[in-house]
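Please open the structure in a viewer and keep the selection tool at hand. The tour goes stop by stop, saying what to select and what is there.

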Amino acid sequence: MTTQAQLHCLCLLTLYLTTGYGQEGKFSGPLKPMEFSIFEGQEPSQPIFQFKANPPAVTFKLTGETDGIFQIQSDGLLYHNKSLDRETRAVHRLQVSALDAQGNTVEGPVPVTIEVKDINDNRPVFLQQHYEGSVRQNSRPGSSIGTLTAHDMDEQDTINSVLEYRIVDQTPKVPQDGLFLVQEFSGILQLVVQSLRKWDTPQYNLTIEVSDRDFKTLCFVQINVIDINDQIPIFEKSDYGNLTFPEDTAVGSVILTIQATDADEPHTGSSKILYRITQGDSEGRLEIETDPQTNTGYVKLKKPLDFETVAIHNIVVQAENPEPLVPGVQYNASSSTTFRLTVTDVNEAPQFFQQVSEAKVSEAVAKGTKVGNMTAKDPEGLDVSYSLRGDKRGWLRIDPATGEIFSVALLDREAESLYRVQVVATEVGGSYLSSTAQFHLTLTDVNDNPPRLVKEYTGLFFCYPPKAPGSLIFEATDDDELTFRGRHFTFSLGSESLQKDWEVSKINGTHARLSTKHTGFEERVYNIPIRIGDGGRPPLERTVSLPGIILAVMFFRMKRDKGQHNAESAQASETKPLRN
């Protein structure tokens, strides 16, 4: 047996003894779909399987997810030349083809699947290197402090990824060691022996280990012992006396500074003080802000004061902690204080019930129609007089006593569809103070504009005698509001006598065509009346004149209806013939 053959047999024997690769105890066979399992981390140059070629196949080709690791020899021996890594790729999907001497595929490709089996080659890692937790000094044994979390990149739900936690060290060991416990598999950290006291030790440091079968990793946990809230806030004064402010005092102004103290640990939830008004401010006009460093309370105006609503406020303030008190301790009179706030009167301008009033009417309403109403009230009870400002078109008037608004002229939506004016309310007597509000009047459309042509048209002319009929396309519009269905005009000749020579045909809702019906026209200018209707409510129409010119440049002029909306005379105007 040759050396090469001996080496090949040795490779196959090694394969059988160490890996069990192949199917049905075979290490070689015909080209067909195969699946193999290989442990990651094995030495490279390991044979996997040898495919046998059937003539005319003489060599093999390997494709797919080789990652430069898998190769196949010309004799069909499939092997890997590098160690596999399951965490990089857990399954390699390859294809093997058999080729003839010219490189043509004669068999395959067939799928070959390589599953990479896991070994424990990854160290468990904590999500954080340092953790910080806290526990109240009156917490009972079994209280949860937090959860430690570690991760292992080895295959999940296998023995390689099972992690165990344990406490390696506790510092200090006061009043004893073993005050804390970490659940072996969940990582939950608990107080297990006794309630802690902050004055004994305010802080503990733990070293915690996580491990799998082969590797271990440490992290560090700082546990702070938090003071319990067993001291109530106490005011330095039980009564801050009488305060007097005018009702126009600016919102945000500080009207009083109050102070309470707390004997619990500074700068914790047990010693921080929140001030709350419990009586005397049902409308929420006051608020209290607390300085987080000094616990000083600043009583401020949140809403304007109002002498006419409440002139005297008897205020009660309660001082509380954001953290709950421990059982058996309650707030008492020492945590409350009072003061009296007297509001003085200031003459104020009338106040509108709403700053913007909106109304909607048809543009065709008759003069004298009521279109809206705006009212204001004087805080001191004085009478109020109303006037308009900004009525630039002179369309409206306002009743000075009632605030009712009326139309005094014909309204025109096409001139201004949303009409804005200011209403001025002035107190009668006193200081004659005034205030303003907005009145917006929306005008709805009526069909009050007859159709018209969008422009003057020129260009319909013929050399005499005409060689062929001609035409002119023209467009109509009007000034009324465009509806969702668009404009739909009707078009017709202004006189039946013209029908033998001319015709009008509608193209769409806005365009039509004027055409000659023959070529036997005299050499002169023809003015053709066209009747355009809009079909609105009420329907309006207008007659316009389009020119048809023989041997001349066409011009266009529109005859206005003067509001009669009747067809003009259909008789064509006579002029002298136009010559070359």
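Select strand β2, residues 34-39, together with strand β8, residues 105-117. In this predicted model, the two strands run parallel and are joined by six bridges. To find the register, pick Glu-35, which stands opposite Thr-113 in β8.

Keep β8 on screen and add strand β7, residues 91-99. How do β7 and β8 run, parallel or antiparallel? They run antiparallel, with eight bridges between them. Leu-99 is a useful marker here, standing opposite Thr-105 in β8. Between β7 and β8 lie five residues, and the two strands form a hairpin. Select Gly-103 in the turn: its phi is positive, about 85°.

Stay with β8 for one more selection, Pro-109, which is placed in that strand. The peptide bond that joins Gly-108 and Pro-109 is cis, with omega about 0°. Most peptide bonds are trans. A cis bond also joins Pro-55 and Pro-56, where omega is about 10°. To find Pro-56, go to the loop between β3 (46-52) and β4 (59-64).

Next come two residues picked out by their backbone angles. Most residues other than glycine have a negative phi. Select Ser-45 in the loop between β2 and β3; its phi is positive, near 60°. Then select Asn-295, in the loop between β22 (286-290) and β23 (296-301), where phi is also positive, near 65°. Which of them is buried and which is exposed? Ser-45 has a relative accessible area of 53%, over the 50% cut-off, so Ser-45 is exposed. Asn-295 has a relative accessibility of 11%, under the 20% cut-off, and therefore counts as buried.

Now turn to the largest nonpolar core, which has 23 residues. Select Phe-352, Tyr-386, Leu-396, Val-423, Phe-439 and Leu-441, the members that touch the most other members. Five strands each supply at least two residues of this core: β27 (356-362), β30 (384-389), β31 (396-398), β33 (418-427) and β34 (434-444). Centre the view on Val-423 and show what surrounds this residue. Leaving aside residues up to four places away in sequence, the contacts of Val-423 include Phe-352, Met-374, Tyr-386, Ile-398, Ile-405 and Phe-439. Ser-387, Leu-388, Ser-435, Thr-436 and Ala-437 are also among the residues that Val-423 touches.

The last stops are aromatic rings. How many aromatic pairs does the structure hold? There are nine. Select Phe-180 and Tyr-204, an edge-to-face pair with 5.4 Å from centre to centre and 70° between the planes. This pair links distant parts of the chain, 24 residues apart: Phe-180 is in strand β14 (residues 180-182) and Tyr-204 in strand β16 (residues 203-211). Both Phe-180 and Tyr-204 are buried.

Move on to Trp-502 and Phe-521, whose ring centres are 5.3 Å apart; their planes are at 55°, so this pair is tilted. Trp-502 belongs to strand β39 (residues 502-506), while Phe-521 is in the loop between β40 (511-516) and β41 (525-533). These two residues are 19 residues apart, and their pair links distant parts of the chain. Trp-502 and Phe-521 are both buried.

Finish by selecting Phe-36, Phe-49 and Phe-51, which ring pairs link into a cluster.

Conventions: Residues are numbered from 1 along each chain as its sequence is written. This is a predicted model: local features need pLDDT of at least 70, side-chain atom pairs count only at pLDDT 80 or more; totals for chains, interfaces and linings use all residues. Side-chain values use heavy atoms; hydrogens and water are left out. Two strands pair if DSSP finds at least two bridges between them. Helices (H or I, at least four residues) and strands (E, at least two) are DSSP runs, numbered from the N terminus. A nonpolar core is a set of buried Ala, Val, Leu, Ile, Met, Phe, Trp, Tyr and Cys residues joined through side-chain atoms within 4.5 Å. Buried means under 20% relative accessible area, exposed over 50%, partly exposed in between (1.4 Å probe, protein chains only). Contact means heavy atoms within 4.5 Å. Rings of Phe, Tyr and Trp (its six-membered ring) pair if their centres lie within 6.5 Å; planes under 30 degrees apart count as stacked, over 60 as edge-to-face and the rest as tilted.
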